[in-house]
Amino acid sequence: MEIILKPILTEKMSALTDKEHKVAFVVAKDANKIEIKKAVEEMYNVKVTAVNTQRYQGTVKSRYTKAGVITGRTNSFKKAIVTLAEGDSIDFFSNI
């Protein structure tokens, strides 16, 4: 089972990383904090001090087209904000 699906790279998270050493990931919906901590430590070779999780509900969106109004729903997901130990960091752009 894949626990960490993808990192969240936004301006807000970049500011939080610089200020408080926190990194965000989209994780599997059934993953718990202990599994997320182990996965991040194994994948990036860092020390994790805390894990906070948030569940997001999919939202209903609609748009107008020639054929009429089309409604749909975005996917629901779970987000984990991981606090790293002092001095540790994760560089997502090293492979580019």
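## A walk around the sheet

Let's start with one pair: I4 sits across from V27 of β2. Keep in mind that this is a predicted model. I4 isn't alone in facing β2, since K6 has V26 of that strand opposite it. Between them, β1 and β2 (residues 22-27) share 3 bridges and pair in the antiparallel sense.

Now zoom out to the sheet. How many strands does the open sheet have, and in what order? It has 4 strands, ordered β1-β2-β6-β3, and their pairing is antiparallel. The edges belong to β1 (4-7) and β3 (48-56); each has a single partner strand, so one side of each goes without a neighbour in the sheet. Going from one strand to the next, the twist averages 30 degrees.

Two helices come into the picture as well. Helix α1 (residues 11-20) packs on the sheet and touches β2 and β6, with its direction at about 135 degrees to that of β2. Helix α2 (residues 33-44) lies across β1, β2, β3 and β6, and it runs at about 120 degrees to β3.

Is β2 enclosed or open to the outside? Of its 6 residues, 6 are buried, so β2 is largely enclosed by the rest of the structure. You can check this face by face: K22, A24 and V26 are buried on one side, and V23, F25 and V27 are buried on the other. That split fits a handy rule: in a regular strand, side chains alternate between the two faces of the sheet.

On to the next strand over. β2 and β6 also pair in the antiparallel sense, this time over 6 bridges. Within β6, V26 has K79 as its bridge partner.

K79 is worth a stop of its own. This lysine belongs to strand β6 (residues 77-84). Which side chain of opposite charge is nearest to K79, and how far away is it? That would be E20, 13 Å away; K79 is buried yet has no salt bridge. Its side chain does make a polar contact, at 3.3 Å, with the side chain of Y56. Skipping neighbours within four places in sequence, the residues K79 contacts are I8, F25, N52, T53, Q54 and Y56.

So who does E20 pair with? E20 forms a salt bridge with K22, with the closest N and O atoms 3.4 Å apart. A search of the whole structure turns up 1 salt bridge. E20 itself counts as partly exposed because its relative accessibility is 37%.

Last stop: L9, in the loop between β1 and α1. L9 counts as partly exposed too, because its relative accessibility is 48%. Not counting residues up to four places away in sequence, L9 touches F92 and F93. L9 and K78 are 69 residues apart in sequence, while their C-alpha atoms are 15 Å apart in space.

Here are the distances from this tour side by side.

| Pair | What the distance describes | Distance |
|---|---|---|
| K79 and Y56 | polar contact between side chains | 3.3 Å |
| E20 and K22 | salt bridge, closest N and O atoms | 3.4 Å |
| K79 and E20 | nearest side chain of opposite charge to K79 | 13 Å |
| L9 and K78 | C-alpha to C-alpha | 15 Å |

Note on methods: Residues are numbered from 1 along each chain as its sequence is written. This is a predicted model: local features need pLDDT of at least 70, side-chain atom pairs count only at pLDDT 80 or more; totals for chains, interfaces and linings use all residues. Side-chain values use heavy atoms; hydrogens and water are left out. Buried means under 20% relative accessible area, exposed over 50%, partly exposed in between (1.4 Å probe, protein chains only). Lys and Arg count as positive and Asp and Glu as negative; His and the chain ends are not counted. A salt bridge is a side-chain nitrogen of Lys or Arg within 4 Å of a carboxyl oxygen of Asp or Glu. A polar contact is a pair of N or O atoms within 3.5 Å; within protein, one must be able to donate a hydrogen and the other to accept it, and residues adjacent in sequence count only if both atoms are side-chain atoms. Contact means heavy atoms within 4.5 Å. Two strands pair if DSSP finds at least two bridges between them. Axes are lines fitted to C-alpha atoms, for helices over the stretch in contact, and angles run from 0 to 180 degrees between N-to-C directions.
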